[in-house]
Amino acid sequence: MTTRRARLAPWAYGAAVVAGAGLVLFGALVLAPTERTMGDVQRIFYFHVPSATNAALAFFAAAVAGAAYLATRRAASDAVNRAAVGTGLLFATIVLVTGPIWARPAWGAWWTWEPRLTTSLIAWLIYLGALLVRRVAADPEQGARLAAVVSIVGLLDLPIVYFSVNWWRGAHPMVFGPKGGGLAPGMGAAFALGMLGTTLLHAALFGLAWREARLADEVAALERRQDREREDALAEEIR
């Protein structure tokens, strides 16, 4: 049963990726009405906001898994941290790419150092750091500890990203919340599909990344055991 499930898992993840992407595209390109002021460029909203929400969700999971790893040193927690940082960075990159595509016709500039944009870029850099510290660490355990600490530090930036528009009166539009303008009629269903599809896509990509992390851990453990066995055999021959 376990082997059969392992064989079917990649197909299930692949189907979830296709279904998630299909829901997002259908909602944004077919179901959503054309916005009167911005025109078709407003459809970026259906990719941008769900990606931002899922990036925040992934970074929260990375911080929780990092804290769990520091407390227990369990490899499973580190695997969750690796998968969450990777998927979070993917969605945060989508946010940083789609934002300027919308900003160019709306603000007349690809990028401004507006509070929401600046704090989002800082969050992206922090979690990129969580990925890179593993490459410069002296050993995998030290890399896991450093990535866990950086992930927890990065979590502190997320409330700043969210409230930056209110705290510093940024130019970033607010759709939801007390000061948000809300969605125009007909946009709610498209946005719901965007959120559902992106979350499904996120779940599938996280599952794939987590499986890869666990397999890498098993291979590393097997290599360490083989190294020990070779050393023991060599020591036995010397005696």
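This passage describes helix α5 and the salt bridges of a predicted model.

Helix α5 covers residues 140–155, 16 residues in total. At 1.5 Å a residue, a helix of this length should span 22 Å. The C-alpha atoms at its two ends are 22 Å apart, so the expected span and the model agree. At the start of α5, a contact links a side chain to the backbone: a side-chain oxygen of aspartate 139 comes to within 3.1 Å of the backbone nitrogen of glutamate 141.

The buried residues of α5 are Gly143, Ala144, Ala147, Ala148, Ser151 and Gly154. Viewed down the helix axis, these buried residues fall within an arc of 135°, and they therefore line one face of α5. Four helices pack against them. These partners are α2 (45–72), α3 (75–107), α4 (115–136) and α6 (157–167).

Seven salt bridges are present in the structure. One of them joins aspartate 40 to arginine 43, with 3.1 Å between the closest N and O atoms. The two partners sit in opposite classes of accessibility. Aspartate 40 is exposed, at 52% relative accessible area. Arginine 43 has a relative accessibility of 12%; it counts as buried because this value is under the 20% cut-off.

Helix α7 (residues 187–238) contains both aspartate 217 and arginine 214. Their side chains form a salt bridge, the closest N and O atoms lying 4.0 Å apart. Three residues separate the pair in sequence position, about one turn of the helix. Arginine 214 is partly exposed, with 27% relative accessibility.

Aspartate 227 and arginine 230 form a further salt bridge, at 2.5 Å from N to O. These two residues also lie three residues apart in α7, and about one helical turn therefore separates them. Aspartate 227 has a relative accessible area of 36% and is partly exposed. Arginine 230 reaches 52% relative accessibility; this value is over the 50% cut-off, so the residue counts as exposed. Salt bridges that share partners also build one network, made up of Asp78, Arg82, Arg134, Arg214 and Asp217. The α7 pair of arginine 214 and aspartate 217 thus belongs to this network.

Terms used. Residues numbered from 1 in each chain as written. Predicted model: local features only at pLDDT ≥ 70, side-chain atom pairs only at ≥ 80, totals over all residues. Heavy atoms only, no water. Expected span 1.5 Å × (residues − 1). Buried < 20%, exposed > 50% of the residue type's maximum accessible area, 1.4 Å probe, protein only. Arc of directions from axis to C-beta. Contact = heavy atoms within 4.5 Å. Polar contact = N/O pair within 3.5 Å; in protein donor to acceptor, adjacent residues only side chain to side chain.
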